[in-house]
Structures are given as structure tokens and as C-alpha cells.
Number of protein chains: 2
Amino acid sequence: MPNEESRRPHTGRRRNEEARRAILDAAVELIGRDEGPVTIDTIAAAAGVGKQTIYRWWPSKGAVLLEAMAERATADVPVTDTGSLAGDLDAFLLATFRSAGTGRTAPLLRMVMAEAQRDEQVAEVMRDFIAKRRAALRGVLERAGGRGEIRADADLDLMVDQAFGVLWYRILIGHAPLGENEARELGRSLVIQSRP
Amino acid sequence: MPNEESRRPHTGRRRNEEARRAILDAAVELIGRDEGPVTIDTIAAAAGVGKQTIYRWWPSKGAVLLEAMAERATADVPVTDTGSLAGDLDAFLLATFRSAGTGRTAPLLRMVMAEAQRDEQVAEVMRDFIAKRRAALRGVLERAGGRGEIRADADLDLMVDQAFGVLWYRILIGHAPLGENEARELGRSLVIQSRP
DNA sequence: TATTGTCGAGACTTTCCGTCTCGACAAGTA
DNA sequence: TACTTGTCGAGACGGAAAGTCTCGACAATA
């Protein structure tokens, strides 16, 4: 089956980028403000948009939130190279905790994770997102391994999950803060447990 | 205001223990079987019970699932004393992973966590449950600290969250297994990072 | 035997999701 | 300029699920 896009150039009115931004921003804004329910109807109303405009471009509410989350995560957490495992971990974890643990983002992450549990389509995209974040952190560890900073029998995947596990666990339960001190202490414990 | 229970002894028909068991079991069974939706109606029907009988004793579906989860966790994971940190951690983590990572329980945990994100009442009880689990593991670490097995500046709360963080993160995302090997490897990394 | 509270069953209301339809409008085509 | 195509905001609509309410039956106690 040939691709229909290639047979015929696009006709008709184009997608409104302003509507897309308004939807993503309204969703995050509603969740962060924490006043009343966050539904497709309230998001559409807050964005000044019809419901169909949302469903035309996203399959579900979870997909909207997931896109907003991914947008922020990739923009806020670049991978830097300081030359040492301790430095790289500190940079990565500080940026990650700052981005995820902050006021508007944490409630967003909570709702995305909840949606992923009851919507297999959201879970699918979520796994892709998670895989990318894990690969970024794993890259930091592998680079340190190449410098001889990590013992040979260390379980890198487990270390990655320890880091993101603490992050998500604390976000979802809310029993402990996610600040700079916590990021640094976590980085330190990962360095210690992986030393040759 | 005096307690009404103390003024007048209970009269009328008593709570049916068999109905309670049937409700909790039906809920877990429905979630584990993963066929069709798990709602208050389907739980009531599967338990052979009226909806009102559920709402008389639990405020929401999440509360039912949370009770079923807590019931299993406390029964399946006793704290044992082997005399060494490595042994105690192994016993605790093996029992925990066996209980949580297994077929019927993991989907239950997923749904409870999801409910806790959108129901503050469930979240409240959830935090109590989590606090008890964390205290159990922290007790293991403190006992090891008393034996001089842990460095003085170790962050015990962070270690606890690393363990449960990995558990929940892998349950919720499903990107990696939660078997005996993983439990042992996790125990090993916690021992290494906390050595004096 | 009378009172009290639980039982199973199901009707009912409310909320939210997701689909469908409408007239208006914008972008490309003839 | 007309015509075609697809998006826009708005809202009606049906279905699913939560949670409330009522009913007659039944069990435990006074």
C-alpha cells in the first residue's frame, strides 16, 4: 500500500500550532493549580478549544499529558560531560530532580503515571519515554566505566533504576522531598557502590 | 462528645465476615485475571454481593484494593534476624520481591498506586502502609548499624527508598523483571554502598 | 416478640469519556 | 475567482463507571 501522503500533497486548512500550545499549557496549568477536576472538557475549555480539536491530535488525555511531560524532560535535562562520574552524576541528577520535583511538574508526572496504569496506549508511549531517560543515565555510567571508574561486575541497569526509582517513588508517595541535597546524596551513594 | 459505641452495645445483625473475604478475594481475582474491566459493579457481582455492602465498609474501590494489598504484604514479608546485614537484606528483599513481583499481586499494586494518585483518601491510607513497610526495612538497617556494619554517614532513608524505589519503578513501568536474582543483586549493592 | 442493623438486588443520578454533527473558516487547486 | 479539502470552536449525544438510595428479607440482640 503506497503512502497516501506521497500521492497527493496536503490540502485544506493546516493544523493550528497555537491551539496545540494552548492545549498542552492549559493541561499543565490545570493540574498544577489543583482546583477542581482535570478532564478533557476542562482542558478544552481552559484552552479555548473544542474537544474534537484535542481528540483529532491525541488519542486520550494521558497522551496529551505525556507529550507535555516529554517536552519538559528533554529540554530540562541535557547530558553534560564533566570528566568524572561524580561530576556527571551530580549534573544529571541535579537537573533531573530540579525539573521533576518542582511545583508544576510533579503533579503532572503523578497523573501521567496513573493514566499509564489504566491505558495500555499511554503505557506504550510511556515505556518509550522511560527507555530514553534510562539510556541517557546509562550512557553516563558507561562512559565512567570506560575510564575505569566502575567495578567490572556492577549492574548498571540496577543503578539506573535505583536513581529513577527513588525519584518516582518519592514523587508518587510524597513522603520525602526531592531537592538538591537529595540529588547529591543519591549521586554519592551510586559512586560509592560502583567503585572498583 | 461521648463515643456512641460505649453508650449502647451493638444491636442488629453483625457484619458478615464471609462477605468481606469474598469481596477482597473477588477484587484480587478480577485484577489478576485481566479479563474485562474491574469496577465496583463487577467486583460485587463476582463476590455475589450487593454494591451497598461494599460501600458500607469501604469508601471507594481503592480502599478495597489497598486492604487486600496490605493484607498480603504483612503476611508475606516477616522481618527475620540472620545476624548479618547481607543475610537480613537478602531475606527481606527476596520475600518482598517474591510477594510483590508475582503474577496476581503486581497488577494489584499497579492499580492501587494509580487509585492513590486520583483519590486523596486512598493516598492517605497508602502513605500509612508505605511508612510501615519503610520502617520494617529501616529496622534491618538500624540493627546492622548497631553491629557496626554501616558507615556513620550513610543515609538510611535514602537506602530504603532505593530498595522500594526499584521495586515500584519496575512494577509500574514493567521494563525489567523482579525475580530472585534482582533481589540479591539489589541487596548486594546496598551492602556495598553502606560499608564503613 | 420487637428492635436494630446487615444482607442482596437493582433503580437512579452524576461525572467523564469519546463520537458525531454543525456552520465557519483557512489553505491550496482549478 | 470559484471550488475542494481539512481544521476550527461549540455542543449534543450515548455509554461506562462511581456513588446514593430504596426495597423486602434476614439475623442478632433486648
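How many residues surround DNA strand D, and which are the closest? That's where I'd like to start today. One caution up front: this is a predicted model.

Okay, the answer. DNA strand D has 25 residues around it. The closest are A:Gly12, A:Thr53, B:Arg14, B:Lys51 and B:Gln52, and you'll notice both chain letters in that list.

What part of the strand does the protein touch? Of the strand D atoms within 4 Å of the protein, 67% are sugar or phosphate, and bases make up the rest. Let me give you an example of each. For the backbone of the DNA, take A:Trp57: a polar atom of its side chain sits 3.0 Å from a phosphate oxygen of DNA strand D. For the bases, there are two to look at. A:Gly12 comes in with a backbone N or O atom, 3.5 Å from a base oxygen of strand D. B:Arg13 uses a polar side-chain atom instead, 3.4 Å from a base oxygen of strand D.

As for secondary structure, H4 of chain A and H4 of chain B each put at least two residues into the surface near DNA strand D. H4(A) gives the most, with 4 residues. By class, that surface has 5 nonpolar, 11 polar and 9 charged residues.

Now over to DNA strand C. Here 25 residues surround the strand, and the closest are A:Arg14, A:Lys51, A:Gln52, B:Gly12 and B:Thr53. Sugar and phosphate make up 68% of the strand C atoms that come within 4 Å of the protein.

If you're following along on the structure, click on B:Trp57. An N or O atom in the B:Trp57 side chain is 3.0 Å from a phosphate oxygen of DNA strand C. On the base side, A:Arg13 has a side-chain N or O atom 3.4 Å from a base oxygen of strand C, and a polar backbone atom of B:Gly12 is 3.5 Å from a base oxygen of strand C.

The helices to look at are H4 (51-57) of chain A and H4 (51-57) of chain B, each with at least two residues in the surface near strand C. For this strand, the largest share comes from H4(B), with 4 residues. The class split is 6 nonpolar, 10 polar and 9 charged.

Right, let's leave the DNA and look at the two protein chains. How many residues of each chain are in contact with the other? We get 31 from chain B and 31 from chain A. Between them, the chains bury about 2900 Å², with 62% of that on carbon and sulfur atoms. In chain B, the residues that lose the most area to chain A are B:Gln117, B:Tyr169 and B:Ile173, which together give 23% of what that side buries.

There's charge here too: the chain B and chain A interface has 4 salt bridges. One to pull up on screen is B:Asp161 with A:Arg170, where the closest N and O atoms are 2.5 Å apart. We also have 14 residue pairs in polar contact between the chains, both partners at pLDDT 80 or more.

On chain B, helices H7 (105-118), H8 (120-146), H9 (156-173) and H10 (180-194) each supply at least two residues of the side touching chain A. H9(B) has the largest share of that side, at 12 residues. In all, the side divides into 14 nonpolar, 6 polar and 11 charged residues.

Last stop: inside chain A. The domain assignment gives domain 1 as 4-57 and domain 2 as 62-194, with 28 Å between their centres, taken over C-alpha atoms. Their contact takes 11 residues from domain 1 and 10 residues from domain 2.

The area buried between these two domains is about 970 Å², and carbon and sulfur atoms give 68% of that. Which three residues supply the most on the domain 1 side? A:Leu24, A:Val28 and A:Ile31, with 54% of the area that domain 1 buries against domain 2.

The two domains of chain A also have 4 salt bridges between them, including A:Arg104 with A:Glu29, at 3.4 Å between the closest N and O atoms. Helix H2 (residues 17-33) of chain A brings the largest share of the domain 1 side, 9 residues. By class, that side has 7 nonpolar, 1 polar and 3 charged residues.

That's my tour. Over to you for questions.

How values were computed. Residues numbered from 1 in each chain as written. Chains lettered and ligands numbered in written order. Predicted model: local features only at pLDDT ≥ 70, side-chain atom pairs only at ≥ 80, totals over all residues. Heavy atoms only, no water. Contact = heavy atoms within 4.5 Å. Buried area = accessible area lost by both parts, 1.4 Å probe. Salt bridge = Lys/Arg side-chain N within 4 Å of Asp/Glu carboxyl O. Polar contact = N/O pair within 3.5 Å; in protein donor to acceptor, adjacent residues only side chain to side chain. Nonpolar A, V, L, I, M, F, W, Y, C, P; charged D, E, K, R; others polar. Near = heavy atom within 4 Å. Domains from an automatic or database assignment.
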